[in-house]
Amino acid sequence: MTDPGERLRTSLAADNAAERATASAGTDFDSPIAMEALRATRVLHAADQDPFPPPVRTRVITVANQKGGVGKTTSAVNLGVALALYGLRTLVIDLDPQGNASTALGVEHSVGTPSIYDALVGDNSLAEVVHPTGASPKLRCIPATIDLAGAEIELVSVVAREYRLRRAIEGYLQALPEEERPQYVLIDCPPSLGLLTLNALVAGDEVLIPIQCEYYALEGLGQLLTNIDLVRQHLNPGIAVRTILLTMYDGRTKLADQVADEVRNHFGELVLTAVIPRNVRVSEAPGYGQSVLTYDPGSRGSTSYVEAARELAERGVHLPPLDPGRAMVTPPVAAVYGNHATEEDGS
Ligand SMILES: Nc1ncnc2c1ncn2[C@@H]1O[C@H](COP(=O)(O)OP(=O)(O)O)[C@@H](O)[C@H]1O
Ligand SMILES: [Mg+2]
């Protein structure tokens with residue numbers, strides 16, 4: 001594992017080296033604006049120079065936290081764009097009826113647009129509802145329309161309701177030739193622990209939990225972890241929390257540091273070294289149908305998401321093998337009905 005301070009030092013060293021290089025070249029690139037432009041250039045042209053390593057297998061990552069406003073959508077979108085810009089085929093699945101991830105990726109999601117609803121409740125394959133994005137040719141998105149708001153109820157009577165998303169993803173991945181198959185699938189969950197989030201936990205190989213560096217950050221987390229345990233015991237033996245991402249960190253407050261320390265003490269190496277700062281460009285970007293990486297590539301919000309995505313990708317090079325119970329085989333439906341606890345909305 002990376003020494004916690006190492007990445008920051010490396011990053012600062014790179015910035016300093018760049019500053020020295022531009023200074024010695026006799027240019028006046030030493031102003032903050034010029035440095036930002038330099039960072040922007042680095043982000044935008046990175047794919048050619050410094051691509052991320054591909055994962056050993058497709059990683060299906062469920063971005064979950066039943067609290068609203070902690071940065072799930074922002075993280076799913078910006079990590080997705082970063083992975084794609086740095087060379088990895090990525091699919092973002094919007095599983096929140098609000099459709100915020102679809103908005104941020106500039107993907108149409110008005111009623112009637114082919115969406116994740118048609119695959120979960122209807123019989124469409126993911127291939128029929130996947131959309132391209134403007135951010136990168138390597139990034140695709142399955143949008144969510146407001147129809148999805150009814151899915152929690154409509155799914156109740158559907159056979160193997162907890163497995164709908166997993167089956168859809170498996171079918172999609174298997175049908176694609178390897179060179180087109182997404183290397184990363186990021187699922188953006190709604191802020192609840194209902195049937196949609198359950199579907200995402202059953203579909204994923206791993207969970208990424210964004211934690212906001214705020215006072216009540218850890219509240220409710222126990223319930224999410226308990227639910228993940230229940231899913232592991234009864235529905236998806238391979239699922240595990242593999243990544244924690246600290247979001248909306250405000251370096252001016254002592255509280256942010258305290259929360260960050262507490263989360264690191266509790267979750268250890270699961271916590272990415274990269275921390276996402278509170279940055280106004282991050283919150284402005286969705287208003288333009290963009291990720292912060294494309295909206296303002298040189299901003300701290302953008303570079304921190306690139307760093308986080310790089311760490312995520314580096315960790316994907318050495319993954320434990322999938323649990324044999326999980327490896328691309330959907331368990332018989334009968335095996336999961338009976339005694340598993342049903343999920344409750346955590347809000
Ligand atoms: N790093 C950040 N800096 C500033 N604002 C942020 C940041 N991350 C998220 N936000 C804003 O906070 C709000 C909640 O984020 P969002 O990703 O939608 O949370 P969730 O999906 O968990 O509900 C949004 O308005 C978003 O633009
Ligand atoms: Mg959201």
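**Figure 1. Strand S2 is buried on both of its faces.** In this predicted model, Thr90, Val92 and Asp94 lie buried on one side of S2, while Leu91 and Ile93 are buried on the other. In a regular strand the side chains alternate between the two faces of the sheet. Five of the five residues of S2 (residues 90-94) are buried, so this strand is largely enclosed by the rest of the structure.

**Figure 2. Strand S2 pairs with S4 and with S5.** Which way does strand S4 (residues 139-142) run beside S2? The two are parallel and are joined by four bridges. To find your place in this pair, look for Thr90, which stands opposite Leu139 in S4. The pairing of S2 with strand S5 (residues 184-188) is also parallel, with five bridges. Here a handy landmark is Val92, which faces Leu186 in S5.

**Figure 3. Seven strands form an open sheet.** Reading across the sheet, the order is S3-S4-S2-S5-S1-S6-S7, and the pairing is mixed. Which strands form the edges? They are strand S3 (131-132) and strand S7 (241-247), each of which pairs on one side only. Strands of a sheet pair through backbone hydrogen bonds, either parallel or antiparallel.

**Figure 4. Edge strand S7 pairs with S6.** Strand S6 (residues 206-212) runs parallel to S7, and six bridges hold the pair in register. Two opposite pairs help you follow the strands: Leu208 stands across from Thr243 in S7, and Ile211 stands across from Leu246 in S7. Although S7 is an edge strand, it is mostly covered, with five of its seven residues buried.

**Figure 5. Helix H8 packs against helix H9.** Two packed helices are described by the angle between their axes and the distance between the axes. For helix H8 (residues 164-175) and helix H9 (residues 195-203), the angle is about 45 degrees and the axes are 7 Å apart. That angle makes H8 oblique to H9, and the crossing is right-handed. Which residues meet here? From H8 come Arg164, Leu165, Arg166 and Ile169, and from H9 come Asn199, Ala200, Val202 and Ala203. H9 also lies across strand S1 (59-63), S5 and S6, running at about 150 degrees to S1.

**Figure 6. The largest nonpolar core has 89 residues.** Good residues to display are Ala82, Leu83, Ile116, Ile187 and Ala309, those with the most contacts inside this core. Which helix gives the core its largest share? That is helix H4 (residues 72-85), with eight residues. In soluble globular proteins, nonpolar side chains tend to be buried together.

**Figure 7. Ile116 and its contacts away from its sequence neighbours.** Setting aside residues within four places in sequence, Ile116 is in contact with Ile93, Asp94, Leu95, Val129, Ile142, Ala144 and Leu148. Two of these partners, Ile93 and Asp94, are among the buried residues of S2.

**Figure 8. The whole chain, for orientation.** The chain holds 14 helices and seven strands. Of its 347 residues, 47% are buried. Among contacts with a separation of 6 or more, 80% join residues 24 or more positions apart.

How values were computed. Residues numbered from 1 in each chain as written. Chains lettered and ligands numbered in written order. Predicted model: local features only at pLDDT ≥ 70, side-chain atom pairs only at ≥ 80, totals over all residues. Buried ≥ 20, exposed ≤ 12 C-beta atoms within 10 Å, placed from the backbone. Pairing = 2+ DSSP bridges. Core = buried A, V, L, I, M, F, W, Y, C linked by C-beta atoms within 7 Å. Contact = placed C-beta atoms within 7 Å. Axes fitted to C-alpha atoms, helices over the stretch in contact; angles between N-to-C directions. Parallel < 35°, antiparallel > 145°, perpendicular 65-115°, else oblique. Left-handed = near helix turned anticlockwise from the far one by under 90°.
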